[in-house]
Amino acid sequence: MKPPVRIGIVGMGGFAGSHHNTVAGLEEQGEARLVCACDPHPESFAAARRAWNFERRGVTVFSDHRAMLDAFRDRIDLVVIPTPFHLHAEMHDAATDLGLPAYVEKPPTLDYAELERMIAADRRASRSSLVGFNFIVEKPRLALKERLLAGEFGAVRGATLSALWPRPENYFKRNDWTGRLLRDGHAVLDSCFGNSMAHFVHDMLFWAGSPGLFSWAQIAAVRAELYRAHAIEGADTFFVEADTTAGATIRFAVTHACAGESSHAETILCDKAVLRYVVGRGIEVRWDDGRVERTASEPFDCLTENHLDYYRYLRGETDRPATTLADSRPFVTVNDLAYISSGRITPIPEALVGRVRDAKDQKDYLSVAGIAAAMDQFLAHGSWPGAGGWNRDRGEVVTPADLPRLHPLLREMAGLAG
């Protein structure tokens with residue numbers, strides 16, 4: 001395969017628009033060429049198609065991805081699938097059935113059984129598909145992981161993720177699957193943990209993975225408490241503790257039930273140092289002997305870099321994509337086990353939930369009083385919020401052997417939410 005890589009994109013709305021913009025830019029550089037695209041309602045994107053210069057670029061438009069793939073199966077090298085993630089498996093299946101590799105946006109799916117079917121289907125493609133977890137290809141991240149693997153900081157004993165990302169109330173009403181557990185009987189599991197902040201969850205598993213650079217921690221056991229402040233079927237706040245097979249403990253505290261500025265930090269706890277990585281800001285290494293090492297981030301266009309990295313793999317210049325479907329197993333496993341461990345999604349006490357009007361965007365946010373402090377206590381000391389006034393018991397300890405409990409539990413949870 002030689003440049004430009006010939007591409008078909010499934011979808012035009014939502015995040016698909018970002019892929020269209022990225023591919024258009026890479027086309028100008030001679031790296032890519034958009035050959036075809038589809039959307040169930042292409043007429044709704046007439047203005048976007050003009051802005052993307054589809055006619056001048058010779059892009060053929062379809063209303064169905066299957067028709068697009070059938071027509072261009074021999075004229076494209078790659079299918080990009082940035083659609084709602086509960087549709088990924090069927091679209092990936094259609095592409096790989098024709099031998100075509102896919103760039104599948106994250107998450108690939110949040111159903112452990114469906115992921116296994118996707119892994120099996122991917123063997124039919126000419127090359128491995130990529131899952132678009134955006135930050136794995138960051139050069140500073142890869143360099144720091146190499147130092148971890150070399151033992152410079154001592155053994156990894158644990159890690160923590162803190163992530164607060166405010167979402168206005170109307171965010172949960174923008175389509176028929178946001179915040180849902182099930183849709184038409186199909187597992188969705190949309191949440192801050194599994195979808196919007198999935199990049200960061202996947203990052204934490206990457207830090208704790210060994211022995212290779214592109215390795216992710218394997219999950220031994222999970223405990224979790226899941227909550228909601230918004231009137232949704234699923235959860236908007238996660239407290240999760242995962243033990244890895246290598247003996248490390250990773251704690252995750254993520255929420256959409258907050259207001260103000262978003263924040264996130266990935267922290268790795270080692271024998272000789274504590275490492276802190278913040279996307280877009282930089283790296284801080286605090287050594288036990290008092291030394292402090294700081295490195296600022298350089299500009300990073302995540303979509304462009306992920307596309308280019310995948311093109312290099314497709315051309316045979318590298319030996320693997322940044323994240324394969326099989327690499328996504330630990331992420332999907334910890335997500336699913338969090339639901340099984342929690343057993344239910346607990347409403348946050350009404351007395352703690354307030355509505356905040358943002359003067360800048362003129363939107364309403366639900367914010368839980370003291371949520372940042374509750375997250376800090378959990379991450380630093382393992383103090384679960386249920387025992388600290390959020391009125392629930394601690395989730396049970398579950399292992400990957402418990403995954404078959406997921407689907408019956410989701411039906412039960414969805415019934416209770418309804």
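These exercises work through strands, helices and aromatic rings in a predicted model.

**Exercise 1. The open sheet**

Find the order of the strands in the six-stranded open sheet, and say which strands stand at the edges.

Solution.
- Step 1: Trace the sheet across. The order is 3-2-1-4-5-6, and the pairing is parallel.
- Step 2: Look at the ends of that order. Strand 3 (60–62) and strand 6 (130–132) each have a single partner strand, so one side of each is left without a neighbour in the sheet.
- Step 3: Add the twist. From one strand to the next, it averages 25 degrees.
- Step 4: Zoom in on one pairing. Strand 4 (residues 78–81) and strand 5 (residues 102–105) are joined in the parallel sense over three bridges. Here Val80 stands opposite Tyr103 of strand 5.

**Exercise 2. Helices on the sheet**

Determine which strands helix 1 touches and which strands helix 10 lies across.

Solution.
- Step 1: Take helix 1 (residues 16–28). Its contacts are with strand 1 (5–10), strand 2 (32–38), strand 4 and strand 5. The helix direction makes about 150 degrees with that of strand 2.
- Step 2: Take helix 10 (residues 302–314). This helix lies across strands 1, 2, 4, 5 and 6. Against strand 5, helix 10 runs at about 150 degrees.

**Exercise 3. A hairpin**

Describe how strand 18 and strand 19 pair, and find the residue with a positive phi in the turn.

Solution.
- Step 1: Set the sense. Strand 18 (residues 353–358) and strand 19 (residues 363–368) are antiparallel, over six bridges.
- Step 2: Pick one bridge. Gly354 has Ser367 in strand 19 as its partner.
- Step 3: Go to the turn. Four residues lie between the two strands of this hairpin. Gln362 has the positive phi, about 55 degrees.

**Exercise 4. Aromatic rings**

Classify the pair formed by Phe239 and Phe378, then place both residues in the structure.

Solution.
- Step 1: Count the pairs. The structure holds 20 aromatic pairs.
- Step 2: Check the geometry. For Phe239 and Phe378, the centres are 5.4 Å apart and the planes make 85 degrees. Planes over 60 degrees apart count as edge-to-face, so this pair is edge-to-face.
- Step 3: Locate the partners. Phe239 is in strand 11 (residues 237–244) and Phe378 is in helix 12 (residues 371–381), so the pair ties together parts 139 residues apart in sequence.
- Step 4: Test burial. The cut-off is under 20% relative accessible area. Phe239, at 0%, counts as buried. Phe378 is also buried, at 0%.
- Step 5: Widen the view. Ring pairs link Tyr227, Phe239, Phe378, Trp384 and Trp390 into a cluster.

How values were computed:
Residues are numbered from 1 along each chain as its sequence is written. This is a predicted model: local features need pLDDT of at least 70, side-chain atom pairs count only at pLDDT 80 or more; totals for chains, interfaces and linings use all residues. Side-chain values use heavy atoms; hydrogens and water are left out. Two strands pair if DSSP finds at least two bridges between them. Axes are lines fitted to C-alpha atoms, for helices over the stretch in contact, and angles run from 0 to 180 degrees between N-to-C directions. Contact means heavy atoms within 4.5 Å. Rings of Phe, Tyr and Trp (its six-membered ring) pair if their centres lie within 6.5 Å; planes under 30 degrees apart count as stacked, over 60 as edge-to-face and the rest as tilted. Buried means under 20% relative accessible area, exposed over 50%, partly exposed in between (1.4 Å probe, protein chains only).
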